[in-house]
Amino acid sequence: MKLYGTTTSPFVRRVRVVAAEVGVEVDRLDTATDAGQEALREVSPIRKVPVAVIDGRTIYDSRVIIDWLVTTRSWGGLAPPRDRWHEQNLVNAIDAALDSVIQLFYLRRDGVAIDGTPYADRQLARTDAIFAWLATQLAPDKRSFTGAFGLPELALITALDWMDFRKTYPTERAHGVEGVRAAWKDRPSLASTRPHT
Ligand SMILES: N[C@@H](CCC(=O)N[C@@H](CS)C(=O)NCC(=O)O)C(=O)O
């Protein structure tokens with residue numbers, strides 16, 4: 001699979017982890033460079049990563065790429081969903097937190113004085129509320145939502161690691177779900193894809 005993306009994006013990382021778990025080799029085209037950005041714009045009008053080229057198809061968005069991988073290759077080392085609708089709620093909540101914090105990151109990076117504004121406070125309050133809710137959804141051992149390593153656990157760990165990496169949200173405030181990250185941190189697919197520049 002050819003994968004357009006960076007070594008920092010949490011969404012790209014999810015695809016790399018799933019590819020590793022289902023046994024698909026990844027040939028990554030680095031979109032952190034100007035040439036990579038130009039190549040990305042040639043394949044996607046959305047201009048966001050990840051984009052995958054696989055089995056003769058060009059696919060946008062980590063959720064859809066992951067869906068392609070597990071549908072065509074099966075779940076490999078990942079736990080398939082037991083309740084798809086509940087697990088999609090979990091992933092949607094995690095993505096809402098991540099998207100809120102990513103928007104703050106981009107605004108700050110572009111020099112917009114966002115901190116302390118009602119907009120920023122709302123994004124952080126949403127993120128706090130989501131992590132507090134997610135903590136109530138954990139299995140009794142607090143290592144996972146589902147009793148195993150599946151897509152909600154992957155979404156959570158990639159979100160928390162990215163927030164730490166970019167220092168965009170103090171993840172101590174997500175202490176209720178920290179057990180999930182601690183439980184799976186040495187899994188090879190996660191350990192080999194930690195965010196770095
Ligand atoms: N829903 C998308 C989100 C992808 C996304 O937000 N990617 C970010 C990097 S983490 C990006 O490429 N942003 C570029 C931009 O917003 O211009 C997915 O799951 O793939």
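In this predicted model, a polar side-chain atom of Asp61 lies 2.9 Å from a nitrogen atom of the ligand. With polar contacts taken as pairs of N or O atoms within 3.5 Å, the Asp61 pair falls inside the cut-off. The residue that follows in the list of ligand neighbours, Ser62, also places a side-chain N or O atom by the ligand, at 2.6 Å from one of the ligand's oxygen atoms. Val49 takes part through its backbone: one of its backbone N or O atoms is 2.8 Å from a ligand nitrogen. On its own the ligand has 520 Å² of accessible area, and the protein covers 73% of that.

The ligand is located in the largest pocket. Besides Val49, Asp61 and Ser62, the residues around the ligand include Ser9, Pro10 and Phe11, along with Arg47, Lys48, Pro50 and Tyr106. By residue class, this shell consists of 5 nonpolar, 2 polar and 3 charged residues. Asp61, which supplies one of the side-chain contacts described above, counts among the charged residues, as do Arg47 and Lys48. Ser62 belongs to the polar class, together with Ser9.

Aromatic rings are the next topic. The model has 4 aromatic pairs. One of them joins Phe105 and Trp162 in an edge-to-face arrangement, with 5.4 Å between the ring centres and 85° between the planes. Phe105 belongs to helix H4 (residues 84-109) and Trp162 to helix H6 (residues 151-166), so this pair ties together parts of the chain that are 57 residues apart in sequence.

Key
Residues are numbered from 1 along each chain as its sequence is written. This is a predicted model: local features need pLDDT of at least 70, side-chain atom pairs count only at pLDDT 80 or more; totals for chains, interfaces and linings use all residues. Side-chain values use heavy atoms; hydrogens and water are left out. A residue is near a molecule or strand if one of its heavy atoms lies within 4 Å of it. A polar contact is a pair of N or O atoms within 3.5 Å; within protein, one must be able to donate a hydrogen and the other to accept it, and residues adjacent in sequence count only if both atoms are side-chain atoms. Accessible areas come from the Shrake-Rupley method with a 1.4 Å probe; for residues, only the protein chains shown count as cover. On a 1 Å grid over the protein atoms alone, a cavity is a set of points where a 1.4 Å probe fits but cannot get out, and a pocket is an open set with protein on both sides within 12 Å along at least five of seven lines; lining residues have an atom within 4 Å of a point. A molecule sits in a cavity or pocket if more than half of its atoms lie within 2 Å of its grid points. Rings of Phe, Tyr and Trp (its six-membered ring) pair if their centres lie within 6.5 Å; planes under 30 degrees apart count as stacked, over 60 as edge-to-face and the rest as tilted. Helices (H or I, at least four residues) and strands (E, at least two) are DSSP runs, numbered from the N terminus.
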